[in-house]
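Me: I would like to learn how to read backbone and sheet features from a model, taking one feature at a time. Could we work through the one shown here?

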Amino acid sequence: KGWYNREVLRRELPGKVYNLILIDGPPNEFGRGGFWKWKELFNLDVPLVFDDTHRLRETVLIQRIARHLHRSYTVYPFGRRHFGVIVP
């Protein structure tokens, strides 16, 4: 149960051939933490775009991923909302 099902991801990811990952999805009780939980299933050598980094949980997620990858991140304001980007 939850948003990110490991077996669905394993089956549906296209052989890790993609040029960008957009981390979006349900906030709050489901959260986007499933991306962190199953990060090894993704090719993280592409730009990562995190939606809604004006929210604490999404800020924590982009910080955790950036630390894990030993990369910096940039947050871009878009009105009252923000998105963050980690580039390889």
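Me: To begin with a single residue, where does His70 lie?

Reply: This is a predicted model, and in it His70 lies in the loop that connects helix 3 with strand 3.

Me: What is the value of phi at His70, and is the residue buried or exposed?

Reply: The general idea is that most residues other than glycine have a negative phi. His70 has a positive phi, near 55 degrees, although it is not a glycine. As for its surroundings, His70 counts as exposed because its relative accessibility is 73%, and the cut-off for that word is over 50%.

Me: Which value does phi take at Asp52, and is that residue buried or exposed?

Reply: Asp52 is likewise a residue other than glycine with a positive phi, here near 65 degrees, and it is found in the loop between strand 2 and helix 3. Asp52 has a relative accessible area of 2%, and it is therefore buried, the limit being under 20%.

Me: What does the side chain of Asp52 make a polar contact with, and which residues does Asp52 touch?

Reply: The side chain of Asp52 makes a polar contact with the side chain of Arg81, at 3.1 Å. Leaving aside residues up to four places away in sequence, Asp52 touches Asp24, Arg32, Glu58, Arg81, His82 and Phe83.

Me: Turning to the sheet, what is the order of its strands, and which are the edge strands?

Reply: A sheet is read by following which strand pairs with which, and here four strands form an open sheet in the order 1-2-4-3, with mixed pairing. Strand 1 (21–23) and strand 3 (74–78) are the edge strands, each of them pairing on one side only. From one strand to the next, the twist averages 20 degrees.

Me: How many bridges join strand 1 to strand 2, and how many join strand 3 to strand 4?

Reply: Strand 1 and strand 2 (residues 48–51) run parallel and are joined by three bridges, and within that pairing Leu22 has Val49 of strand 2 as its bridge partner. Strand 2 then pairs with strand 4 (residues 81–86) in the antiparallel sense, over four bridges, and here Val49 has Val85 of strand 4 as its bridge partner. Strand 3 and strand 4 also run antiparallel, with five bridges between them, and Val75 stands opposite Gly84 in strand 4.

Me: How many residues are between the strands in the hairpin of strand 3 and strand 4?

Reply: That hairpin has two residues between the strands, and Gly79 takes a positive phi there, near 70 degrees.

Me: Finally, is Ile62 buried or exposed, and which residues does Ile62 touch?

Reply: Ile62 is found in helix 3 (residues 56–69), and it counts as buried because its relative accessibility is 0%. Not counting residues up to four places away in sequence, Ile62 touches Phe50, Thr53, Tyr73, Gly84, Val85 and Ile86. The C-alpha atoms of Ile62 and Phe83 are separated by 9.8 Å, with the two residues 21 residues apart along the chain.

Key:
Residues are numbered from 1 along each chain as its sequence is written. This is a predicted model: local features need pLDDT of at least 70, side-chain atom pairs count only at pLDDT 80 or more; totals for chains, interfaces and linings use all residues. Side-chain values use heavy atoms; hydrogens and water are left out. Two strands pair if DSSP finds at least two bridges between them. Axes are lines fitted to C-alpha atoms, for helices over the stretch in contact, and angles run from 0 to 180 degrees between N-to-C directions. Buried means under 20% relative accessible area, exposed over 50%, partly exposed in between (1.4 Å probe, protein chains only). Contact means heavy atoms within 4.5 Å. A polar contact is a pair of N or O atoms within 3.5 Å; within protein, one must be able to donate a hydrogen and the other to accept it, and residues adjacent in sequence count only if both atoms are side-chain atoms.
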